[in-house]
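Here are my notes for you to read alongside the model. Take the points in order and keep the structure open as you go.

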Amino acid sequence: MELAGRTAFVTGANRGLGRHLAQQLRDRGATVYAGARNPASIDLAGVTPIAVDVTDPESVAVAAATTSNVSILINNAGSSTKSSLLTGDLADVRLEMDTHFFGTLAMVRAFAPQLGGHTESAILNILSVLSWLSFPDIGAYCAAKSAEWSLTNALRQELADQGTRVSSLHVGYMDTDMARGVEAPKADPAVIARIALDGIATGQAEIVADEISGAVLAGLSGGVDGLYPQVASQRRGTAATLTEPAAALQPDRSDR
Ligand SMILES: NC(=O)c1ccc[n+]([C@@H]2O[C@H](COP(=O)([O-])OP(=O)(O)OC[C@H]3O[C@@H](n4cnc5c(N)ncnc54)[C@H](OP(=O)(O)O)[C@@H]3O)[C@@H](O)[C@H]2O)c1
């Protein structure tokens, strides 16, 4: 898909990965709606700031009604409450689902008619390596990213008939506000944005943006005991060890 000349909508475009996506789409010749809860926080020239809170159905409906010709939708907005499913505040657990799952779904439902008005259109959902691997201390985020992965897989089938290709991006930590305090290695979000847009342009269904995401994806075939050997070790009363990618991805506990 040629990106130049397209009209794109990016949620959470005021900072982090979303800002890079909006900037690079603009630089590749697309017309860009830069969605943000506070549109005044959009500091990019040459894009159209637009208010959108993905957890607010009315705000999503207004954003869809006040835009036109969108043929690329990037669901990038994300929250990170660092909540355990067992002991975290349930309001935080719900916020993760509201943002990543229901927020993405609301955007897709609202924009599907606009996307369907084009012979060829695209949705990119910004997922994570944590769609595939969970850590208890951030279990709410991981569960929401897994739910968003499942949503993506259902919608890519449902939207194929109208010519809308649905892609997912999986990535480990990136150097943005969200991962501030994480001590594990972090990717440059500008590089990940480039990989994401190349993925849309070349029609990749699943964009695996870094090595660690590829390693975890490969590990899914090993089942639960392969992904979480420490649980099996505990059962057997032997020393607990994490897999290599899980050890590398473990967020810094002192941050929470
Ligand atoms: N950073 C990582 O390590 C990492 C790794 C894998 C995947 N991801 C995913 O990458 C995406 C971008 O994250 P990031 O790293 O760029 O994080 P970030 O710097 O914290 O930015 C998050 C963005 O999402 C927006 N947002 C949050 N809730 C929203 C809502 N209800 N409605 C609309 N916008 C909302 C924020 O807007 P405000 O400025 O208004 O808060 C901000 O623009 C997220 O989906 C995240 O889950 C991040």
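**Notes on the ligand and its surroundings**

1. Let's begin with the company the ligand keeps. The shell around the ligand is made of 12 nonpolar, 10 polar and five charged residues. In this count, Ala, Val, Leu, Ile, Met, Phe, Trp, Tyr, Cys and Pro are nonpolar, Asp, Glu, Lys and Arg are charged, and the others, Gly among them, are polar.

2. A word on the source. This is a predicted model, where local features need pLDDT of at least 70 and side-chain atom pairs count only at pLDDT 80 or more, while totals for chains, interfaces and linings use all residues. Residues are numbered from 1 along each chain as its sequence is written, and side-chain values use heavy atoms, with hydrogens and water left out.

3. Which residues come nearest to the ligand? Of the 27 around it (near means a heavy atom within 4 Å), they are Asn14, Arg15, Arg37, Tyr141 and Thr176. Helix H1 (16-27) and helix H4 (139-158) each give at least two residues to the shell; helices here are DSSP runs (H or I, at least four residues), and strands are E runs of at least two, numbered from the N terminus.

4. Now look at the polar atoms. The side chain of Asn14 places an N or O atom 2.6 Å from an oxygen atom of the ligand, and a polar side-chain atom of Arg15 is 2.7 Å from a ligand oxygen atom. Val54 takes part through its backbone, with an N or O atom 3.0 Å from a nitrogen atom of the ligand. Alone, the ligand exposes 900 Å², and the protein buries 93% of that (Shrake-Rupley method, 1.4 Å probe).

5. Two loop residues deserve a look. Most residues other than glycine have a negative phi. Asn69, in the loop between helix H2 (57-65) and strand E4 (72-75), has a positive phi near 70°. Lys82, in the loop between E4 and helix H3 (90-116), also has a positive phi, of about 55°.

6. Are these two buried or exposed? Asn69 counts as partly exposed because its relative accessibility is 45%, and Lys82 counts as partly exposed at 30%. The cut-offs are under 20% relative accessible area for buried and over 50% for exposed, with partly exposed in between (1.4 Å probe, protein chains only).

7. Finally, find Leu249 in helix H9 (residues 244-249). Leu249 is buried, with a relative accessible area of 3%. Its C-alpha atom is 38 Å from that of Gly5, 244 residues away along the chain.

How values were computed
A polar contact is a pair of N or O atoms within 3.5 Å; within protein, one must be able to donate a hydrogen and the other to accept it, and residues adjacent in sequence count only if both atoms are side-chain atoms.
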